[in-house]
Amino acid sequence: MKTLKIVGYIFAGVQLFASIAALYIAMSTTLVPTKYAIIGGVALLVVLAFVVMMATIKKKGTKIASIIISLMMIGLLLVGCYFISIANKAMDDVTGVTVEVDEVNVYVSKDDVINSINEAVANEYVFGTVATDDLTHVNETISKINSDLGTTITTKEYPTIFELIEDFEAGNVKSLISSSGTILVLDSTEDYLDYSTKLKTIMETTYKEEIATEEEAAIDLDHFCVYFSGIDTFGSVTVRSRSDVNIIGVVNNSTKTILLLSTPRDYYVPISVANGRKDKLTHTGIYGIDCSTDTLENFYDTDIPYYVRVNFSGFQSIIDKLGGIDVYSEMAFTSETAEGTYSYTEGINHLNGEEALGFARARYAFIDGDRQRGRNQMAVIKATIEKLESSDMLKNYGSIMDDMDGSFQTDMQKDDIGYLVQSTLDGGNWQVLTCSVSGTDSTQVCYSLGQEAYVMEPYQEDVLYATNLIDKVLAGEAVTQDDINAYLASRTIDETSEGISEEDLESGE
């Protein structure tokens, strides 16, 4: 009996240390409000006191029961510590990310007999480059080739990727040195659709680039903007790529209001790296997240201190880990993607990750194309925010954060996110407002392409309204979805292209 009592006390001691460890690890996530930590600590102490009390009772069965309960609590606490630690590490990995990767590769024709840069140099290939690339990294690649092989390769610079490809196909240059982002843009043009399948990579180089960040002390965590970028890749989220989703989240934590402002991917805007020359907003992504953010900051005359970037594969896994989301669709439609065909009804649709991706990517199913896609993307984000506020987020927190690693990243610090989560748990549901700007279908010369392509010329009335709306939300002025809808309904502009379809205008992309 005395032995059982000692064993009971030993296990109670281990339980105490396990309880302290669990509380410490939970608090280190920065997501647990102090009051909840206190409640949890008190509950664990009550269970511990009950176990100790049982161990002091003389009945053998009670002592054995106390040991069993203590063992179960230790097991649960250790398992909890393990999963919280995994989630915490994953959160460390996806937050505070201030670097991205620029891939610069050397390409030859897929049918070329050579398979290495050494062979290309030995055969005295001429290497073509493009003036609209990030020439810093292109030149670094050229220097690396010269240094590694003890030679000076012959290069020829072209104003546009199309002029380079024309000479490449004519045999005047045998190889291309270009960023993967520029090749991705080429892939999407009508005349060179999926052109990368005709190329072979004989040398790969990657460059880590620092993303500019603001001083933490200068950011008001109760009133700020964040740029949501959805990149069109299933690979690493750190690699520069076109940004097909461009949404500014305007956050007012004091009024618990989030405004989601969608800007169409084809919006024709002055881009920050081109000294005022214009391009599609989506193309800013190939020059880095800084370029996209700076371009939007200048366009809407507002400060955007944070970014959140997610790729398509990450998008799917996050939705699936949440158990799906309930998305409101303004109309019934069918979306056809490489992964399958999906149908949606007017009203609420419960969607898994793959279905939600199809919903967010659909474009040609609508008369007003990218405009409706932008609204659908915001509907998905709104549904995701609402789901994250539910108990499902807490239930699947560990696996959600683990899945985000590698497919989601932000320069927000873990403590910043923790502050917002804690303020939400402390009380108050978020009001999520949505607004999108529109424009006129057109064809204009794009900086990254060097030739005309389909673009959307901004409605200045929309841009002015959106800029004022950002200021109002940040200032805490009363804004409702009805107010926004009333403005959108009152516009005299026609959002449908009359006379020429968007598909016809897609001569450049």
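**Note on pockets, cavities and selected residues**

1. In this predicted model, the residues that line the second largest pocket divide by class into 8 nonpolar, 5 polar and 5 charged. The volume of this second largest pocket is about 370 Å³. Of its 18 lining residues, those closest to the centre of the pocket are Y328, E330, R375, A379 and T434. Two or more lining residues come from each of the strands β12 (325-329) and β17 (431-436) and the helices α11 (369-388) and α16 (481-490), and it is α11 that supplies the largest share of the lining, with 7 residues.

2. A reader may next ask how many cavities of 30 Å³ or more the model holds. The count comes to 2, and the largest cavity encloses about 40 Å³ of space. Its lining is made up of T132, I161, T182, V185, I286, Y287, S448 and L449. By class, the lining of this largest cavity has 5 nonpolar and 3 polar residues, with no charged residue among them.

3. The second largest cavity has a volume of about 30 Å³, and the residues that line this cavity are D244, V245, N246, T263, P264, R265, D370, R373, G374 and Q377. The elements that each give two or more residues to the lining are strand β7 (243-252) and helix α11. Which of the elements gives the most to this lining? That element is α11, with 4 residues, and α11 is also the element with the largest share of the lining of the second largest pocket. The lining of the second largest cavity divides into 2 nonpolar, 4 polar and 4 charged residues.

4. Helix α2 covers residues 34-56, and its length can be checked against a simple expectation: at 1.5 Å a residue, its 23 residues should span 33 Å, and because the C-alpha atoms at its two ends are 33 Å apart, the model agrees with that value. The buried residues of α2 are A37, G41, L44, L48, V51, M54 and A55. Against which helices do these buried residues pack? They pack against α1 (2-28) and α3 (60-94).

5. I183 lies in helix α7, which runs over residues 180-187. Is I183 buried or exposed? Its relative accessibility is 4%, and since a residue under 20% is taken as buried, I183 counts as buried. Leaving aside residues up to four places away in sequence, I183 touches Y107, S178, S196 and L199. One of these contacts, L199, is 16 residues from I183 in sequence, and the C-alpha atoms of I183 and L199 are 9.8 Å apart in space.

6. Two cysteines can be described in terms of their accessibility. C225 has a relative accessibility of 0% and therefore counts as buried, and C291, with a relative accessible area of 2%, is buried as well. As for bonds between cysteines, a disulfide is a covalent bond between the sulfur atoms of two cysteines. With a disulfide taken as a pair of cysteine sulfur atoms within 2.5 Å, the count for this model comes to 0 disulfides.

Terms used. Residues numbered from 1 in each chain as written. Predicted model: local features only at pLDDT ≥ 70, side-chain atom pairs only at ≥ 80, totals over all residues. Heavy atoms only, no water. Expected span 1.5 Å × (residues − 1). Buried < 20%, exposed > 50% of the residue type's maximum accessible area, 1.4 Å probe, protein only. Contact = heavy atoms within 4.5 Å. 1 Å grid on protein atoms, 1.4 Å probe; cavity = no way out; pocket = protein on both sides within 12 Å on 5 of 7 lines; lining within 4 Å. Points joined across faces, edges and corners; volume = space filled by probe spheres on them. Nonpolar A, V, L, I, M, F, W, Y, C, P; charged D, E, K, R; others polar.
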